[in-house]
Amino acid sequence: MEDEIFDAIVVGGGVAGAVCAYKMAASGLEVVLIERGETPGSKNLSGGVFYCDVMSTVFPEFLEEAPLERVISRNCLMFLNDDSHVMIDYADRRLAGSSNAVTVLRAKLDQWLIDKCEEAGVMVMPGIRVDELIRDGDRIVGVKAGDDELRARVVVAADGVNSFCARSAGIRRAPTPDQLAVGVKSVIGLDPKVIEERFGVNEGEGAAYAVVGSCTRGLGGGGFVYTNTDSISIGVVIRLDELKAHSWASSSQIHDDFLAHPEIARLLEGGTLREYGCHLVAEGGHAMRGTLVADGLVVIGDAAGLTLNTGFTVRGMDLAAQSGICAAETLVEAAANDDFSAAGLAAYERRLDESFAGRDMITYAGAPDFLESPRMYGAYGQLAADLFFTIYRHDLTPRRHLVGQARAAWRKSPLRLRDVVSDVWKGVRAL
Amino acid sequence: MSSSPWGTVTERLARNRYTVDEAHPHIVVNNDYVRRAGLASFFERICPAHVYTARDDGGVDVEYAACLECGTCLALAPAQALVWHYPRSGCGIGYREG
């Protein structure tokens, strides 16, 4: 094994790593993909909806062949309070027809992607943990796993949000707690017919909820619910700086309380727990971007901090796939020029910045700051509910004009005008 | 803690598939440091998998076999408090749904 030199070693068989390895092998490079999970996907958790148009640019058969759960035709944004909720409920036939947003379970999807890699000639090595990078001077020349060494002209770090590769290469620091969140998720098995009735969707279609407010007991983060074919994925995402700061906060208890909220529990009734899991999510947005290349190394996917939370949508897998594409195109070029230096690989960063993924990271660069406001996680939801309460509760007192009602609800709320103006301004600029 | 209709965390984890590396714990806690810094309840509450249990002496017991490998403790605890790696090749959590 020591003597063989590959063109590329991809560390990590998630969406980013698999797409990158596939594209390089399809262009004739000798590629090995190392995955620490015994089976592909076994260390991975989906965090939500996969906006999957990008996959069809790599795999034209993606929509027909890949193990997709449901096409999301209904999106709900829910402000959840202890005894009330206000929800924006958006359903659209155009969403159902375009198949552009789907739910996936990673154990199935990642297996499919890895099968595609093998068909394209990638040498896949599952069940192997990469322990460290091998250097020759400043250059990364391979990886060490146990007693084995594997050498290549370039290493692709696709090893996820905790990327030890990128950290040990010294090009990326460990993210700070405010740049990370922990997702705690349950997969609850439920009959497909029940899912379709309960979520008001047609056969094969699904719904996705983004929830803010009491689902995180006011901590920065949110709840999510989305439908799979015969299960529901549900859970919370809690920002780590908030989890650290509040001594009452238990990550598992916040998850359990969310599932037990009457408005949420009714969605799960009669279901059986299939899996309980957790995973970190990068929440820092563009500010986390930093350097993504070194001599003999490129960083892609979650390892590069490529996730986006806008409040409405949470994205990662589409950005991961696009970063894999940009890296593969760059590395195929680098192989032809025999230049894997940081200067040569900088073309990857340029490609990424010019792609929808890089552009969206910049467009939404203000989103983390906007979502930082604690008012997002309590006061606004309560204000909305108080306003609607005055509209729909007729208690034999004479009605007032809506403006008066709103003013009364506003006076009850702890919100201050200056903060709201600041939040709205940030929101308008961020989104 | 209030009870959940989905069982205790430990009961839930019993449904998951793990390959336990009996010989090599992938988490090693410096309990002297944890005691001095008063971190036991902190470890207990942040971990979604309840890997850490506060002991009477101020340290923590570590049930590393239950770890879901998220990295929350590594990201939040002071560097002196623990050594945390992914489990060795082929070991640890094996999600079947994801």
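Is B:Cys73 buried or exposed? I looked it up in this predicted model. B:Cys73 counts as buried, at 8% relative accessibility.

**Cysteines**

I then searched for disulfides over all chains and got a count of zero. I checked A:Cys165, which is in no disulfide. The cysteine sulfur nearest to A:Cys165 belongs to A:Cys20, 13 Å away. A:Cys165 is buried too, with a relative accessible area of 5%. Next I returned to B:Cys73. Why does B:Cys73 form no bond with B:Cys67? The two sulfurs are 6.4 Å apart, and that is too far because a disulfide needs them within 2.5 Å. B:Cys67 holds the closest cysteine sulfur to that of B:Cys73.

**Cores**

I turned to the largest nonpolar core, which has 82 residues. A:Val15, A:Met24, A:Phe50 and A:Met55 touch the most other members. Helix H11 of chain A, residues 317-337, gives this core its largest share, 11 residues. Another core lies apart from it, with 69 residues. I found B:Cys73 again there, along with A:Cys215, A:Ile232 and B:Tyr52, among others.

I listed the contacts of A:Val15, leaving aside neighbours within four places in sequence. They include A:Phe50 and A:Met55. A:Arg106, A:Leu109 and A:Leu113 are also in contact with A:Val15. A:Met317, A:Ala320 and A:Ala321 complete the list.

**Second largest pocket**

Last, I opened the second largest pocket, which holds about 260 Å³ of space. I noted 18 lining residues. By class, seven are nonpolar, six polar and five charged. Nearest the pocket centre lie A:Arg172, A:Arg173, A:Pro175, A:Gln179 and A:Met288.

Terms used. Residues numbered from 1 in each chain as written. Chains lettered and ligands numbered in written order. Predicted model: local features only at pLDDT ≥ 70, side-chain atom pairs only at ≥ 80, totals over all residues. Heavy atoms only, no water. 1 Å grid on protein atoms, 1.4 Å probe; cavity = no way out; pocket = protein on both sides within 12 Å on 5 of 7 lines; lining within 4 Å. Points joined across faces, edges and corners; volume = space filled by probe spheres on them. Nonpolar A, V, L, I, M, F, W, Y, C, P; charged D, E, K, R; others polar. Core = buried A, V, L, I, M, F, W, Y, C linked by side-chain atoms within 4.5 Å. Buried < 20%, exposed > 50% of the residue type's maximum accessible area, 1.4 Å probe, protein only. Helix = DSSP H or I, 4+ residues; strand = E, 2+ residues; numbered from the N terminus. Contact = heavy atoms within 4.5 Å.
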